[in-house]
Protein chains: 4
Amino acid sequence: MIKVGIIGATGYAGAEIVRLIQGHPEAEVVWYGSRSYVDEKYSSIYGNFFKLVDAKCLDDNMEELADQVDVIFTATPQGLCASLVNEDILNKVKVIDLSADFRLKDVSVYEKWYKIEHKAPQFIDEAVYGLCEINRDKIKDARLIANPGCYTTCSILTAYPLVKEGLIDPETLIVDALSGVSGAGRGAKVANLYCEVNESCKPYGVTSHRHTPEIEEQLSYAAGKDIVINFTPHLVPMNRGILATEYASLKEKSGKLPTAEDIRAAYEKYYKDEFFIRLLGDGVCPETRWVENANFVDIGFKIDERTGRVIMMGALDNMVKGAAGQAVQNMNILFGLKESTGLEFAPSFP
Amino acid sequence: MIKVGIIGATGYAGAEIVRLIQGHPEAEVVWYGSRSYVDEKYSSIYGNFFKLVDAKCLDDNMEELADQVDVIFTATPQGLCASLVNEDILNKVKVIDLSADFRLKDVSVYEKWYKIEHKAPQFIDEAVYGLCEINRDKIKDARLIANPGCYTTCSILTAYPLVKEGLIDPETLIVDALSGVSGAGRGAKVANLYCEVNESCKPYGVTSHRHTPEIEEQLSYAAGKDIVINFTPHLVPMNRGILATEYASLKEKSGKLPTAEDIRAAYEKYYKDEFFIRLLGDGVCPETRWVENANFVDIGFKIDERTGRVIMMGALDNMVKGAAGQAVQNMNILFGLKESTGLEFAPSFP
Amino acid sequence: MIKVGIIGATGYAGAEIVRLIQGHPEAEVVWYGSRSYVDEKYSSIYGNFFKLVDAKCLDDNMEELADQVDVIFTATPQGLCASLVNEDILNKVKVIDLSADFRLKDVSVYEKWYKIEHKAPQFIDEAVYGLCEINRDKIKDARLIANPGCYTTCSILTAYPLVKEGLIDPETLIVDALSGVSGAGRGAKVANLYCEVNESCKPYGVTSHRHTPEIEEQLSYAAGKDIVINFTPHLVPMNRGILATEYASLKEKSGKLPTAEDIRAAYEKYYKDEFFIRLLGDGVCPETRWVENANFVDIGFKIDERTGRVIMMGALDNMVKGAAGQAVQNMNILFGLKESTGLEFAPSFP
Amino acid sequence: MIKVGIIGATGYAGAEIVRLIQGHPEAEVVWYGSRSYVDEKYSSIYGNFFKLVDAKCLDDNMEELADQVDVIFTATPQGLCASLVNEDILNKVKVIDLSADFRLKDVSVYEKWYKIEHKAPQFIDEAVYGLCEINRDKIKDARLIANPGCYTTCSILTAYPLVKEGLIDPETLIVDALSGVSGAGRGAKVANLYCEVNESCKPYGVTSHRHTPEIEEQLSYAAGKDIVINFTPHLVPMNRGILATEYASLKEKSGKLPTAEDIRAAYEKYYKDEFFIRLLGDGVCPETRWVENANFVDIGFKIDERTGRVIMMGALDNMVKGAAGQAVQNMNILFGLKESTGLEFAPSFP
């Protein structure tokens, strides 16, 4: 059994890791780290685990934790993982960081968008961006995984094949995305109260959301050149789910615009053997209800011949493929397990 | 592998059976029966199963089905199972009926509350009421299981120990219950449109809801005498969940009223070894969020010394323990599997 | 124009007073009191008032306020109004207190249930309980109105005629109630975050909710004797609305139990000329959607001959008739206006 | 008093007209037309009007209606108004059509997108597109008003000044929009059931939604040339609200790109005296909660210097400014009333 330690186990993403590891046949959580709830029973904070988890919360001591577990998940705010991790720890355990600390290769970009100083820039180079379907091979031998953001996973996977194959002009890419409220975390803020969010939707972080440079960096690799995009997230009244609607102008190849068949062929080239990526049938649009509580990404597209654009659409569950599920998928790769171990269950509906 | 056939596979309860059997290590669905969608791909109706279920829907032919499967689940409106089942079928396969056809032992009570003629009264006697925690022993050898209703499962399990032990006066029992909207099924009715249900709650079926005689019959067995109760269901804007709040006057034993310790002892006598029943700590009330998507029933209670009443509270997921989960639990008992097989996963939150 | 000052203008109830006074032809808000937001533009806190309210928030100075306005609404937590009010203020302005400070006539009951010392017990006697339909005559000349709670208004109005006319045994009364989340206020608490409340329902304050003694006191007046009841509130995922489902045993009069006609006659005796109380047709149950955003109370009932009980049901909008609307209705009475002035608009749906 | 007749009074938009006219000081509904509910009490269908509307539903007889009222609102599916209206009717009464029948000037575009034959093309030319803030002068003397669609009103008003002033390249315009569920109407469809919509969001009508040519036609007038755009609507789980997020590349004028000040100046040029259009402060994004139940449109914008685009955002209530409210605003203009009569109330929150 893989021994799992979680730093930040009482946030939503941490609790989702607990749920997934509960159903994982080859791993078990042995450390429920939560600075705010030290010594409290974990199941008193998350009642869904009553009678299923008997442990109490422990402090966020990564040094001690490294001696007791095989893998550490850090599901904490930006900056914490970078401030705790060190060479000694990385020599002992695998670290899968669900924060943004090691996602961006350029530390100045990180410091500009996150407005904090990076405490462990020496590990940025070796950290592997844990987008499993794209970086699987690099993940295998990594010590430190930068688990991608929820918006980012959805946005990148939805556009990746078309960017990589040069079917769209990446400079025209616009990502308009919707998110459920769990993405905002469990902090007690007026803005996230039930009555403030319910029966409303809003854009936020317009032109300034921190997932922007993360999407740009990964798609720049795919494009083979540096690109900038527009990314606009919106909050919608539901617990879970990310939906990305992406627009780009089709790019001529050999004097003609790509057809729907070309687009589909590109998606299939990269995804046809991917268990967690479901390329939808012609004309079918993704809906977040069909991926709820599970690790799938549903992708569809539509060409608009009138405007010469393709509309790409992706949906995933921000808590699973957008956070904890992908983290477990990364763990599976790191430990040589079948990649879908413990993650094969169907989405729940309704 | 146990071969499973579902009649009514495209209703919400049917789809939940599909989801649960997907995660069950010793069973597989081989017949997706749905009169309305014959020949359509099942995953085109429930997109959550895209790439996971490749089958098409078949007609509701129970005779043919009986030759192909080991167990039939009927997740259909009242009357259908009774009109299809016969001796020959019951000799070949186990039948677990999620409708009310075989729940009530008195056919006249059935016909009065359901306002239809019973087509197979000859099987009523042998049918076993599939409330697993109470009737486990009888279920083992049954051919025909009457899977309990969602409100009923919650209402009965919450009150059972106190009725059985004579700690409350069963004539004073009032059950006030809340339900999520999936309990109303997938029929296209104005009353169940999003805008009609959202941002509202309402009582319905007041004094006339069909789960009333079912609760009464089972609690009458526990009380050792015939009782009548008040049962008032309410619709609340959420997908899943049943919450029952039950009121009864405490009954003196040996000249004194039962204490909280007496009440707790009664619950523990019946439930302390039950995996799926979670008796909450002192003063903790059940909440439907803590049982969502899973097979647990959470139970709590509070004594009001001022009024001499006990308030009993129970919560479950109407699609799981209130329908498909309990049906699978019954299947496990019928086939000699560990009762919790395929049902041990934690509730999901948020 | 009546000059209105609001202490606690940035809570949900305060903001609802602002909305109602905006639509009131004979009153205007001149003081937006809010200790937390002094000097901030009111419309930056409640964006619905952008371009409609230009004022900034002022401090909660009741002394100064009393010199500038005709009526003060205190929409603040328990204890604040009692700590601010004094003889001088009451001589200058009318005070309508939306907190519980002056609702209970027995100061020891207040201090027991609210666990704070009462700072102005000298005004308890003269304060009038502002349940307009019952206490209209006393309200007219009051200086200090104790505006009833949301659960209380609904619970009392729903049962009052039957208690008053002796058609039910008040000792058997059980009030089971549901509330939208706005009743919990705008404080930043984890328990009221969107993801914690959405897709769930729960009982709370079981046997101990503070509206219990308030309901008991008023119904004791109606019964002509002291009664105790069970009151169980539940939180359900919607912004607004209270639904009360109340149970009581019918009481024989002249040797026979009251009929549905008797019950209806009792309701009509008290409510037939009440604009804001809508007695529903036979068999019609109230639903919160039909009273949303407006000042109505919808009431229905059903007799259960099998159990000898009557089920009474009432619905209102907790922000309007359960708080700000009733407060404005009280203001109208105090200032000799037509009672429904500014409150005659229809509920909005959907 | 203006006598109002409504054809289609039992749809959501029809019911909203009823609500608004209830609060209108100079109009009253005298004909509640509803083919499906003839002879049923209107308030039995919309319980919010219980005791407020006593009338029964009448048939959709526009000829007879024209003799009895001053203005007819048709809140019916596409095609009905065109099939009923004639010269005689238009000579007697004003007709405000909430369907799309008279919104598009090119009948072939109508027939292509709506896939029905137009029954009254002879009135298309004279019909005035009732976007009040843009076409106010033409509306005054019209006999037939084509009341704009909900998405369209929001999309056009949000982009109009920048298109008109040439600050953006209209060929780059992409409109990504979110809608509450009431926009889908009250028809009994599985897709609009509570459990299908709740906890999910989805794009629909991608590249083919019928509001596309309507937006294009109006913005083409503003641009002074024919443009095509991408418009992608999404369904989100809330009752009311439209949010449009629009992207366009800034266009150089005199050799430099427009600044935020230029953009703001353009908005102010057209909207600064508009009561119902609220231009938000710098950096403030619209949210649908702030316009709920009222007739306002909130507009904000953000320039992204990195990509050279401006993101324009607008929010309105699809039932009010997106349908019934704008229809009443049109009525006010037609009858020479102050344009905001009966529509000045504040949005409700929460």
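What follows is a friendly chat about a predicted model, covering its salt bridges, one interface, how two copies are related and a few backbone features.

User: Hi! Before we start, what kind of model is this?

Analyst: Hi! This is a predicted model.

User: Okay, salt bridges. How many does the structure hold over all chains?

Analyst: Over all chains, the structure holds 100 salt bridges.

User: Can you show me one in chain B? Which residue does B:Glu87 form a salt bridge with?

Analyst: B:Glu87 pairs with B:Arg143, and their closest N and O atoms are 2.9 Å apart. This pair links distant parts of the chain, with the two residues 56 residues apart. B:Glu87 sits in helix H5 (residues 87-92) of chain B, while B:Arg143 is in the loop between helix H7 (132-140) and strand E6 (144-146).

User: And is B:Glu87 buried, exposed or partly exposed?

Analyst: B:Glu87 is partly exposed, with a relative accessible area of 40%.

User: Now chain C. Where do C:Lys92 and C:Asp88 lie?

Analyst: Both C:Lys92 and C:Asp88 lie in helix H5 (residues 87-92) of chain C, four residues apart, which is about one turn of the helix. Their side chains meet in a salt bridge at 3.4 Å, N to O. C:Lys92 is partly exposed at 39% relative accessible area, and C:Asp88 also counts as partly exposed, at 37%.

User: Got another one from chain C?

Analyst: Sure! The side chains of C:Glu344 and C:Lys338 meet in a salt bridge too, with 2.8 Å from N to O. Here C:Glu344 counts as partly exposed at 36% relative accessibility, whereas C:Lys338 counts as exposed at 57%.

User: Why does C:Lys338 count as exposed?

Analyst: Exposed means over 50% relative accessible area, and C:Lys338 is at 57%, so it counts as exposed.

User: Salt bridges can link up as well, I guess. Which residues of chain A are linked in a network?

Analyst: A:Glu16, A:Arg19, A:Arg240 and A:Asp317 are linked in a network of salt bridges.

User: New topic: chains B and D. How many residues are in contact?

Analyst: On the chain B side there are 19 residues in contact with 19 residues of chain D. The two chains bury about 1700 Å² between them, and 58% of that is on carbon and sulfur atoms.

User: Why talk about area at all?

Analyst: The size of an interface is often given as the accessible area lost when the parts come together.

User: Makes sense. How many salt bridges and polar contacts are found across the interface of chain B and chain D?

Analyst: Across that interface there are two salt bridges. There are also 12 residue pairs in polar contact, counting pairs with both residues at pLDDT 80 or more. Helix H9 (residues 194-197) of chain B gives the most to the side of chain B that touches chain D, with four residues. By class, this side of chain B has 10 nonpolar, five polar and four charged residues.

User: Which residue does D:Arg186 meet in a salt bridge?

Analyst: D:Arg186 meets B:Glu196, with 2.8 Å from N to O between their side chains.

User: Switching again: what superposes chain A on chain D?

Analyst: A rotation of 180 degrees with 0.0 Å of shift along its axis does it, with an RMSD of 0.0 Å. The two copies are thus related as by a two-fold rotation axis. Also, 100% of the interface residues of chain A are interface residues in chain D as well, so the copies meet through the same surface.

User: Anything unusual in the backbone? What is normally expected there?

Analyst: Most residues other than glycine have a negative phi, and most peptide bonds are trans. In chain A, a cis peptide bond joins A:Phe349 and A:Pro350, with omega about 0 degrees. A:Pro350 is in the segment after helix H12 (320-334) of chain A. Chain D has a cis peptide bond between D:Phe349 and D:Pro350, where omega is about -5 degrees.

User: And positive phi values? Where is B:Thr207, and is it buried or exposed?

Analyst: B:Thr207 is in the loop between strand E8 (202-203) and helix H10 (211-223) of chain B. Its phi is near 70 degrees, a positive value in a residue other than glycine. B:Thr207 counts as buried, at 16% relative accessibility.

User: What about C:Lys115?

Analyst: C:Lys115 has a positive phi of about 60 degrees, although it is not a glycine. It is found in the loop between helix H6 (107-114) and strand E5 (128-129) of chain C. At 67% relative accessibility, C:Lys115 counts as exposed.

How values were computed:
Residues numbered from 1 in each chain as written. Chains lettered and ligands numbered in written order. Heavy atoms only, no water. Salt bridge = Lys/Arg side-chain N within 4 Å of Asp/Glu carboxyl O. Buried < 20%, exposed > 50% of the residue type's maximum accessible area, 1.4 Å probe, protein only. Contact = heavy atoms within 4.5 Å. Buried area = accessible area lost by both parts, 1.4 Å probe. Polar contact = N/O pair within 3.5 Å; in protein donor to acceptor, adjacent residues only side chain to side chain. Nonpolar A, V, L, I, M, F, W, Y, C, P; charged D, E, K, R; others polar. Least-squares fit on C-alpha atoms with pLDDT ≥ 70 in both.
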